[in-house]
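Me: Hey, can you walk me through this one? I'm new to it.

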Amino acid sequence: MYGLVNRAIEQLVVSLKGPAAWEEICTAADWPDGGFVAMQTYDDAVTYRLVGAVSHTLGLTPEQVLRAFGEYWILYTAEEGYGDMLAMCGNDLIGFLHGMNQMHARIEASLPDIRPPHFAVKELGPTEFELTYASKREGLAPMVEGLISGLAKRFGQRVDIQHTAQRSAQAPRDCFLIKILQ
Ligand code: HEM
């Protein structure tokens, strides 16, 4: 993944626990020099190792780390030069999710090696939606939950999110039921 992602993990850890914790995590993740270049790609294994080390050091499950990271990503990208892009993509959660594939496609102009996920939104009722998430990577569904809740916070919306289907060999997609609460 692009270093932008690993740098966001770094910022999240530093904001919660300070730079010493991040150093400890880098050592545990076999990345002793620390530091990532935002526009450079790194092996996905490095990101997974960082998540594992954050989980160990902070006493959270990897799923909790990914959820927290997903929420943080919305704040981080807004601060790291992608604020206008986020602002262009809408003012409510569902409208925003409808435009997610196009948004990642636009990001490809500056990050040409990106391997973005694919989302599809289906309306089940006035306040109920199914989000389908497909990715070349495994295990990132909790990050999607965090992203949805980070977006909802951004738009001042309250939501309930349920992970209704896990990807498997037969169905290589995760599904979420999103309820917009009044
Ligand atoms: C302007 C803001 C955003 C930027 C700059 C951005 C960029 C990126 C980048 C660079 C990656 C790493 C993929 C790679 O290096 O191959 C990534 C992954 C990902 N992005 Fe975005 N993204 C943004 C917003 C979002 C939002 C709002 C969502 C959610 C709805 C989202 C969902 C994801 C997911 C789930 C991944 C994990 C990769 C995977 O599933 O395979 N992104 N994004």
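Reply: Sure. Between domain 1 and domain 2, about 430 Å² is buried, with carbon and sulfur atoms giving 55% of that area. Buried area is the accessible area (1.4 Å probe) that two parts lose on being put together, summed over both. This is a predicted model: local features need pLDDT of at least 70, side-chain atom pairs count only at pLDDT 80 or more, and totals for chains, interfaces and linings use all residues. Residues are numbered from 1 along each chain as its sequence is written, and side-chain values use heavy atoms, leaving out hydrogens and water.

Me: Which three residues supply 77% of the area that domain 1 buries against domain 2?

Reply: Met-39, Asp-44 and Tyr-48, more than any other three residues.

Me: And where are the domains?

Reply: Domain 1 is 3–60 and domain 2 is 90–181; the bounds come from an automatic or database domain assignment.

Me: New topic: what donor does the iron atom of the ligand have from the protein?

Reply: A single one, NE2 of His-104, 2.1 Å away. Donors here are N, O and S atoms within 2.8 Å of the metal (3.2 Å for Na, K and Ca); water is not among the atoms, so sites may look incomplete.

Me: Where's His-104 placed?

Reply: In helix α6, residues 100–107. Helices (H or I, at least four residues) are DSSP runs, numbered from the N terminus.

Definitions and conventions
Helices (H or I, at least four residues) and strands (E, at least two) are DSSP runs, numbered from the N terminus.
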